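Reader: Could you walk me through this protein with me? I'd like to start with the charged pairs and then move on to other things as they come up.

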Amino acid sequence: GAGQVSPWIVVLAGGYDRAFDFPYLPTSSAGASLSIFDAANGRRLWRAAGNAASLPDLRLPDMTASLASAPSVVDLDGDGYADRLYSIDVGGGLWRIDLRNGESAANLAQARLLARLGGESRRFYSTPDVAMVRETTGLVPTVSFGSGWLARPRDATVTDRIYSIRDRQTTGATLLESDLHDATDGQQAMPAGAPGWFVRLIRHG
């Protein structure tokens, strides 16, 4: 970003709110933010958050759940600079942040809620994995992640999932589980053009 001293940055998620230890989803929570810092001097370069009290450079009203895991940082064009961030909040909201290197904090990024996949007390604590998948139209970022309630690992009422999302669109409605291919039985390939798939983890260890 503008004013950056070092070519290195640190990207930090807001952290965990213990309200998510309980079955209900809070309507707002601590840790609902994502920040970028200059690694040389610790100066904050940019922040996205849902709450105006966090003084964000980019306010995202739908960012209401804690971001407990580190985001995935992606260099799409191989120039050595971060182009995109993917971050999952505890409630199952998958965020895509597109960066404009060299811009001021006000113009550094734009964000989109790609998917909202929580429910049934599912919680998400792990950094999404990003891989480039070759399709007929070219390489497509594919974001994969899973749920698991660390506060209540033996709660058999929760059926966790593994999700994989093909990030093809820059606009459009936020994806829901009903938009994805259910690959739990493993009998059918994902239909062409489907935005992704999921697997229900129906057996509890």
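Reader: How many salt bridges does a search of the whole structure find?

Author: The search, run on what is a predicted model, finds eleven salt bridges in the whole structure. One of them is formed by the side chains of Asp-57 and Arg-44, with an N to O distance of 3.9 Å. That pair links distant parts of the chain, since Asp-57 sits in the loop between S3 and S4 while Arg-44 belongs to strand S3, 13 residues apart.

Reader: And how exposed are Asp-57 and Arg-44?

Author: Asp-57 is partly exposed, because its relative accessible area is 31% and the partly exposed class runs between 20% and 50%. Arg-44, at 28% relative accessibility, also counts as partly exposed.

Reader: What about Arg-166 and Glu-135, at what distance do they meet?

Author: Their side chains meet in a salt bridge at 2.6 Å, taken from N to O. Here too the pair links distant parts of the chain, with Arg-166 in strand S11 (residues 160-166) and Glu-135 in strand S9 (residues 129-135), 31 residues apart.

Reader: Are Arg-166 and Glu-135 buried or exposed?

Author: Both Arg-166 and Glu-135 are buried.

Reader: Which residue does Arg-161 pair with?

Author: Arg-161 forms a salt bridge with Glu-177, and the closest N and O atoms are 3.0 Å apart. Arg-161 lies in strand S11 and Glu-177 in the loop between S11 and strand S12 (181-182), so this pair ties together parts that are 16 residues apart in sequence. Both Arg-161 and Glu-177 are buried. There is also a network, in which salt bridges that share partners join Arg-84, Arg-96, Asp-98 and Asp-167.

Reader: Switching topic, what is the volume of the largest pocket?

Author: The volume of the largest pocket comes to about 350 Å³. Its lining consists of 15 residues, and those that lie nearest the centre are Gln-4, Pro-7, Ile-9, Tyr-81 and Ala-82.

Reader: How many charged residues are in that lining?

Author: There are no charged residues in the lining of the largest pocket, which by class has ten nonpolar and five polar residues.

Reader: Moving to the surface, which residues make the nonpolar patch?

Author: Leu-76, Met-132 and Leu-139 make a nonpolar surface patch of about 260 Å². Of these residues, Leu-139 is found in strand S10 (residues 138-146).

Reader: Why can Leu-139 count towards a patch?

Author: A patch residue needs over 30% relative accessible area and no salt bridge, and Leu-139 meets the area condition because it is partly exposed, with a relative accessible area of 48%.

Reader: I'd also like to check the backbone, so what is phi for Leu-55?

Author: Phi of Leu-55 is near 55°, which is a positive value in a residue other than glycine. Most residues other than glycine have a negative phi. Leu-55 lies in the loop between strand S3 (44-49) and strand S4 (58-59), and Leu-55 is exposed, with a relative accessible area of 61%.

Reader: Last one, where is Leu-34 found, and is Leu-34 buried or exposed?

Author: Leu-34 is found in strand S2 (residues 33-38). Leu-34 counts as buried because its relative accessibility is 1%, and buried means under 20%. The C-alpha atoms of Leu-34 and Met-63 are separated by 9.7 Å, and these two residues are 29 residues apart along the chain.

Terms used:
Residues are numbered from 1 along each chain as its sequence is written. This is a predicted model: local features need pLDDT of at least 70, side-chain atom pairs count only at pLDDT 80 or more; totals for chains, interfaces and linings use all residues. Side-chain values use heavy atoms; hydrogens and water are left out. On a 1 Å grid over the protein atoms alone, a cavity is a set of points where a 1.4 Å probe fits but cannot get out, and a pocket is an open set with protein on both sides within 12 Å along at least five of seven lines; lining residues have an atom within 4 Å of a point. Grid points are joined across faces, edges and corners, and a volume is the space filled by probe spheres set on the points. Ala, Val, Leu, Ile, Met, Phe, Trp, Tyr, Cys and Pro count as nonpolar, Asp, Glu, Lys and Arg as charged, and the others, Gly among them, as polar. Patches are made of residues with over 30% relative accessible area and no salt bridge: like charges are joined within 9 Å, nonpolar side chains (Val, Leu, Ile, Met, Phe, Trp, Tyr) within 5 Å. Accessible areas come from the Shrake-Rupley method with a 1.4 Å probe; for residues, only the protein chains shown count as cover. A salt bridge is a side-chain nitrogen of Lys or Arg within 4 Å of a carboxyl oxygen of Asp or Glu. Helices (H or I, at least four residues) and strands (E, at least two) are DSSP runs, numbered from the N terminus. Buried means under 20% relative accessible area, exposed over 50%, partly exposed in between (1.4 Å probe, protein chains only).
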